[in-house]
Amino acid sequence: METLRYTLADVFTDVPFGGNQLAVVEGRSGLTKKEMQNIARELNLSETVFVFPPAKEGNVRKLRIFTPQMELPMAGHPTIGAAYVLASSGAVRTKEGANEWILEEQVGEIAVTVHKENGQIAKVEMKQPLPVFGEKFESRKFAADLLSIAEGELHTELPIQSVSSAVPFLFIPLKSLQTIQRIHFRQDVWEQHFSKTADTQHIFAFTTETESQDAAVHGRMFAPAMGIAEDPATGAASGPLGAYLVEHYAVPLNDNRISIFRSEQGYEMGRPSTIDIQVTGRTGGIEEVRIAGNSVIIGKGELFL
């Protein structure tokens, strides 16, 4: 019998039982994709990340990321959470200040900065692949039906559009916080009109009305194709969300063409999450996207294979 150790962390939060749950599992040679998928399905968290030695000298670790239904080429909260666990546990040595790492994921190399202050990990920041904008989704009626809202509750000045940084999300802008709080996701509408195309499978509804004064956008993410009914914090969607908001002039840029703001998510699930987003560039020319957040280690355990 083989034993694998794992750590449970809450990601994109500073307090236990907030943010997005993550299992960080030690990877071993010979561990198959089927076994990793079975473990992710057994743990039944939105994502489980397996940590292996890097393939390239100088890189820190290789990550394999799984939802209960599929492997992902890149994801935000597993990247942030795995880096936090590696740094805070001492598995990877860190110094005071900024620690620059390269993690390997299925999409390629991901740059991560681990910030250490007064001996503690203060936050982890990741640079995401440049976003790719997909086609605008023209059927406002289908989008409204999907969320069980009236068509008039959709934002009239922002488009429904997919954006991807390795994983595409369909962004649906809403007028108000009240509307987003009473979303009822309709699986039947999703299966009929959204499930068959990669650009429309993963749904991110948002509004610029927020619960917290510190946040600029409030979101909810639904991903039946991943086996996730609703996700309390979606790092892979946050970079594309930032690019979308810059592209459509929904957030301002400073004099250095940088937009820095906070996204909140998970409130409707009782797991408030905060994700800091930084976008460099301008409309029609996004140059860099970063997201950042903190984590809390909540437990440890063993798996028996």
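User: Let's start with Lys62. Which strand is Lys62 found in?
Analyst: This is a predicted model, so keep that in mind throughout. Lys62 falls within residues 61-66, and that run is strand E4.

User: Is Lys62 buried, partly exposed or exposed?
Analyst: Its relative accessibility is 28%. Buried would need under 20% and exposed over 50%. Lys62 therefore counts as partly exposed.

User: What does Lys62 touch, leaving out residues up to four places away in sequence?
Analyst: The list includes Glu104 and Gln106. The other contacts of Lys62 are Phe50, Val51, Phe52, Pro53 and Pro54.

User: How far is the C-alpha of Lys62 from that of Gly108?
Analyst: Along the chain, Lys62 and Gly108 are 46 residues apart. In space, their C-alpha atoms are separated by 9.8 Å.

User: Zooming out, how many helices and strands are there in the protein chain?
Analyst: Strands come to 18 in the protein chain. Add the helices to the picture and the answer reads 18 strands and seven helices.

User: How does the radius of gyration of the protein chain sit against the globule rule?
Analyst: For 305 residues the globule rule gives 19 Å. The protein chain is close to that, so it is as compact as a globular protein of that length. Its C-alpha trace spans about 55 × 45 × 30 Å along the principal axes. The radius of gyration itself is 19 Å.

User: What share of the residues in the protein chain count as buried?
Analyst: The accessible surface of the protein chain comes to about 13,200 Å², with 46% of it belonging to carbon and sulfur atoms. Out of 305 residues, the buried share is 57%.

User: Among contacts between residues at least 6 apart in sequence, what share join residues at least 24 apart?
Analyst: Contacts between residues at least 6 apart in sequence are the pool here. Of those in the protein chain, the share joining residues at least 24 apart is 63%.

User: On to charges. How far apart do the centres of the positive and negative side chains lie?
Analyst: The protein chain carries 28 positive side chains and 38 negative ones. The centres of those two sets lie apart by 4 Å.

User: How many salt bridges does the count come to?
Analyst: Side chains of opposite charge can pair when their charged atoms come close. The cut-off for a salt bridge is a nitrogen-oxygen distance within 4 Å. By this rule the count is 17.

User: Which residue forms a salt bridge with Arg271?
Analyst: The closest N and O atoms of the pair are 3.1 Å apart. Arg271 lies in the loop between strands E15 and E16 and its partner in strand E1, so the pair ties together parts that are 261 residues apart in sequence. Both residues are buried. The partner of Arg271 is Asp10.

User: Where do Asp145 and Lys141 lie?
Analyst: These two form a salt bridge, with their closest N and O atoms 2.7 Å apart. Asp145 is partly exposed at 25% relative accessibility, and Lys141 is partly exposed at 48%. They sit four residues apart, about one turn of the helix, and that helix is H3.

User: What does Glu151 touch, not counting residues up to four places away?
Analyst: Glu151 is found in the loop between H3 and strand E10, partly exposed with a relative accessible area of 40%. Its C-alpha is separated by 14 Å from that of Ala205. The residues Glu151 touches are Arg140, Lys141 and Ala144.

User: How far apart are the closest N and O atoms of Arg282 and Glu287?
Analyst: Both ends of this salt bridge are partly exposed, Arg282 at 43% and Glu287 at 39%. Their closest N and O atoms are apart by 3.9 Å.

User: Which residues do salt bridges that share partners join into one network?
Analyst: Shared partners are what link the pairs here. The network joins Glu2, Arg5, Glu26 and Arg28.

User: What is phi of Phe12 near?
Analyst: Phe12 lies in the loop between E1 and strand E2, and at 1% relative accessibility it counts as buried. Its phi is positive, in a residue other than glycine, and near 70°.

How values were computed
Residues numbered from 1 in each chain as written. Predicted model: local features only at pLDDT ≥ 70, side-chain atom pairs only at ≥ 80, totals over all residues. Heavy atoms only, no water. Salt bridge = Lys/Arg side-chain N within 4 Å of Asp/Glu carboxyl O. Helix = DSSP H or I, 4+ residues; strand = E, 2+ residues; numbered from the N terminus. Buried < 20%, exposed > 50% of the residue type's maximum accessible area, 1.4 Å probe, protein only. Rg over C-alpha atoms; globule rule 2.2 N^0.38 Å. Contact = heavy atoms within 4.5 Å. Areas by Shrake-Rupley, 256 points an atom, 1.4 Å probe, with all protein chains shown as cover. Lys, Arg positive; Asp, Glu negative; His and termini not counted. Charge placed at Lys NZ, Arg CZ, Asp CG, Glu CD.
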